[in-house]
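Good morning, and thank you for the time. I would like to take you through the strands of one protein model. Please keep the sequence and the structure in view as I speak.

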Amino acid sequence: MGFITTTPGGALAYNGASGGKIYGYNNISDSGLVQVAAANTSRVRLTFHNPGASDIFIAPVQIQTTGSNVAFSPSNAALGGCIRVFANGGQFTIEGECQGAYQAFAVTGAGATNPLTVIDTNI
């Protein structure tokens, strides 16, 4: 009996493997939300890395409140539902159910030019 083998991102790879996508942002603001990861039904892992000097909050674009999705608009005054990624190399990874879109904003007083690296992988 023969074996079928493949490599990540190869022609026979399962579930839309892409080898990963890396996004770089330098506009994370303390006064507004920036979408940092689009929805991706094939995603299995999402990593947020903060190389900057200010903490950044990550939040889903939609949340569950009464069994259905609703738009989510967090702020520095209302942080429930957010994940804090600490400054100077802080990192947070979500695995499994992470196919929705995600947004980010910076801690109060951070200004509008904070960096964030996002690694989106399907494998």
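**Two sheets and one residue**

Let me begin with a single pair of strands: β2 and strand β9, residues 102–106, pair in the antiparallel sense, and three bridges join them. Within this pairing, valine 34 stands opposite alanine 104 in β9. Please bear in mind that we are looking at a predicted model.

That pair belongs to an open sheet of four strands, with the order β2-β9-β4-β7 and antiparallel pairing. At its edges lie β2, residues 34–37, and β7, residues 83–85, each of which pairs on one side only. From one strand to the next, the twist averages 35°.

I turn now to another open sheet, in which four strands follow the order β1-β10-β3-β8, again with antiparallel pairing. Here the edge strands are β1 (21–28) and β8 (90–95), and each has pairing on one side only. The twist in this sheet averages 15° from one strand to the next.

Inside this sheet, strand β3, residues 45–50, runs antiparallel to β8, and six bridges join the two. Asparagine 50 is placed opposite glycine 90 in β8.

Finally, let us consider threonine 121, which is located in strand β10, residues 114–121. Is threonine 121 buried or exposed? Its relative accessibility is 9%, and therefore threonine 121 counts as buried, since the cut-off for buried is under 20%. Which residues does threonine 121 contact, leaving aside its neighbours within four places in sequence? They are Gly20, Arg43, Val44 and Arg45.

Thank you for your attention.

Conventions. Residues are numbered from 1 along each chain as its sequence is written. This is a predicted model: local features need pLDDT of at least 70, side-chain atom pairs count only at pLDDT 80 or more; totals for chains, interfaces and linings use all residues. Side-chain values use heavy atoms; hydrogens and water are left out. Two strands pair if DSSP finds at least two bridges between them. Axes are lines fitted to C-alpha atoms, for helices over the stretch in contact, and angles run from 0 to 180 degrees between N-to-C directions. Buried means under 20% relative accessible area, exposed over 50%, partly exposed in between (1.4 Å probe, protein chains only). Contact means heavy atoms within 4.5 Å.
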